[in-house]
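Me: I would like a close look at a single part of this model, the sheet. Please take me through how its strands are arranged and what sits along them.

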Amino acid sequence: MTVKPLADRVLLRRIEADDQVHGGIIIPDTAKEKPLEAEVIAVGPGKVNDKTGDPVPVSVNAGNRVLIGQYAGTEVEVDGDELVIASEDDILGILE
């Protein structure tokens, strides 16, 4: 199944953090927080400009690595993959 985001929505896959911290301590699954880093899978065409009616393009592209809020977007499952559909406003920054 293919998901194509609408308007300024972005389809993301969270990137899991390391299981071990620098000091060698292993963090159990129950103590982990949701990852804040994600990979952009698909991007919608953008919001429509109220004055001209043209879409305003989204600032990120498929393949970008981004930072998102811990509870950003809506989690969905597509073909066994856990993905997040979020608004462009939920993206905090692009990692380069």
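Reply: What follows goes from the sheet as a whole to one residue in it. The model is predicted.

Strands of a sheet pair through backbone hydrogen bonds, either parallel or antiparallel. Here six strands form an open sheet, and their pairing is antiparallel. Read across the sheet, the order is β6-β7-β1-β2-β5-β8. The edges are taken by β6 (74-78) and β8 (91-95); each has a single partner strand, so one side of each is left without a neighbour in the sheet. From one strand to the next, the twist averages 45 degrees.

Now to the strands β1, β2 and β5. Strand β1 covers residues 9-14 and strand β2 covers residues 37-43; the two run antiparallel and are joined by five bridges. Leu12 has Val40 in β2 as its bridge partner, and Arg14 stands opposite Ala38 in β2. Strand β2 also pairs with strand β5 (residues 65-68), again in the antiparallel sense, over three bridges. In that pairing, Glu37 stands opposite Leu67 in β5.

Arg14, a residue of strand β1, deserves a separate look. Arg14 is buried, yet it has no salt bridge. The nearest side chain of opposite charge is Glu75, 4.2 Å away. A salt bridge requires a side-chain nitrogen of Lys or Arg within 4 Å of a carboxyl oxygen of Asp or Glu, so the pair Arg14 and Glu75, at 4.2 Å, does not count as one. The side chain of Arg14 does reach the backbone oxygen of Gln70, at 3.3 Å.

How values were computed
Residues are numbered from 1 along each chain as its sequence is written. This is a predicted model: local features need pLDDT of at least 70, side-chain atom pairs count only at pLDDT 80 or more; totals for chains, interfaces and linings use all residues. Side-chain values use heavy atoms; hydrogens and water are left out. Two strands pair if DSSP finds at least two bridges between them. Helices (H or I, at least four residues) and strands (E, at least two) are DSSP runs, numbered from the N terminus. Axes are lines fitted to C-alpha atoms, for helices over the stretch in contact, and angles run from 0 to 180 degrees between N-to-C directions. Buried means under 20% relative accessible area, exposed over 50%, partly exposed in between (1.4 Å probe, protein chains only). Lys and Arg count as positive and Asp and Glu as negative; His and the chain ends are not counted. A polar contact is a pair of N or O atoms within 3.5 Å; within protein, one must be able to donate a hydrogen and the other to accept it, and residues adjacent in sequence count only if both atoms are side-chain atoms.
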